[in-house]
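Open the model in your viewer and keep the selection panel at hand. The stops below go from the whole chain to one helix and its surroundings.

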Amino acid sequence: MSDSDDEDIPQLSSHALAALQEFYAEQKQQSDPGGDDKYNIGIIEENWQLSQFWYSQDTALRLATEAVAAAGERGRIACVSAPSVYQKLRALHREDISVYIFEYDKRFAIYGEEYIFYDYNNPLDLPEKIATHSFDIVIADPPYLSKECLRKTSETIKYLTQGKILLCTGAVMEEEAAKLLGVKMCKFIPKHTRTLGNEFRCYVNYDSGLDHEI
Ligand SMILES: C[S@@+](CC[C@H](N)C(=O)[O-])C[C@H]1O[C@@H](n2cnc3c(N)ncnc32)[C@H](O)[C@@H]1O
């Protein structure tokens, strides 16, 4: 190529080039997030049509560490409609823990084999590799504050768990949750990245750290 050809090529300023590179990097991350970034809470934006309200970082961490403590060494944890807890567990590099994310939103399929498509309307419609009572603990946060949604989600929870249950849902569901799952309200109060209109609480059916501190 001659010098005169070079002069014909439009040149970008270093600022424009840097901005363009940043734009391409962001695009790449959104379509194929790699490394630890893919476990950041919020990397998948809330879709309110799907009743998605992500936990605050502190709450996700508290629930993840509680799940690890309850599951024990090399434990198995099922996160049912609670993707932030799954993300936090993986961000903590707990490779000794086996964890699955049961989610309706297929954007979470970026997590590969650990993602299980799940619709609470078909509570037992799960893949064969998910054996009954194969999880040490199930942590669930049903999408809707209705008796029907909690009843159907409870079928899934009871199918998956060996015993321990950590449910997060509205304070208004206390009686129904006790009836369906034998869980009781904890002192710990979960927080979200946004302020919600409904009071949220955690419920457990075992002796949990969430009940010992506020
Ligand atoms: C109230 S949010 C709980 C999320 C939790 N606070 C977190 O940060 O991980 C309800 C969850 O249910 C999921 N969901 C929506 N429709 C669903 C369906 N038909 N079956 C199962 N889960 C569903 C949403 O995608 C969302 O992750």
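**Whole chain**

Colour by secondary structure: the protein chain has six helices and seven strands. Helices (H or I, at least four residues) and strands (E, at least two) are DSSP runs, numbered from the N terminus. From that end, the elements run α-α-α-β-α-β-β-β-α-β-α-β-β. Residues are numbered from 1 along each chain as its sequence is written. This is a predicted model: local features need pLDDT of at least 70 and side-chain atom pairs count only at pLDDT 80 or more, while totals for chains, interfaces and linings use all residues.

Of the 214 residues in the protein chain, 33% are buried. Buried means that 20 or more other C-beta atoms, placed from the backbone, lie within 10 Å of the residue's own. Contacts are pairs of residues whose C-beta atoms, placed from the backbone, lie within 7 Å. Among contacts between residues at least 6 apart in sequence, 60% join residues at least 24 apart.

**The ligand**

Select the ligand and its shell of 20 residues. A residue belongs there if its C-beta atom, placed from the backbone, lies within 6 Å. Ser81, Ser84, Tyr104, Asp141 and Pro143 come nearest. By class, the shell has 11 nonpolar, five polar and four charged residues. Ala, Val, Leu, Ile, Met, Phe, Trp, Tyr, Cys and Pro count as nonpolar, Asp, Glu, Lys and Arg as charged, and the others, Gly among them, as polar. Which helix gives the most to this shell? It is H4 (residues 83-91), with three residues.

**Helix H4**

Now select H4. Seven of its nine residues are buried: Pro83, Ser84, Val85, Tyr86, Gln87, Lys88 and Leu89. Their cover includes helix H3 (57-71) and strands E1 (76-80), E2 (98-103) and E4 (135-140). After H4, click histidine 93: its phi is positive, near 60°.

**H3 against H4**

Add H3. The two helices pack at an angle of about 70°, with axes 9 Å apart. Axes are lines fitted to C-alpha atoms over the stretch in contact, and angles run from 0 to 180 degrees between N-to-C directions. H3 and H4 are therefore roughly perpendicular (65 to 115 degrees). H3 brings Ala60, Leu61, Leu63, Ala64 and Ala67 to the contact, and H4 brings Ser84, Val85, Lys88 and Leu89.

**The core**

Last, show the largest nonpolar core, 46 residues. Such a core is a set of buried Ala, Val, Leu, Ile, Met, Phe, Trp, Tyr and Cys residues joined through C-beta atoms within 7 Å. Ala67, Ile77, Cys79, Val80, Val85, Val138 and Ile139 have the most contacts inside it. H3 supplies the largest share, seven residues.

Note on methods:
Buried ≥ 20, exposed ≤ 12 C-beta atoms within 10 Å, placed from the backbone. Contact = placed C-beta atoms within 7 Å. Parallel < 35°, antiparallel > 145°, perpendicular 65-115°, else oblique.
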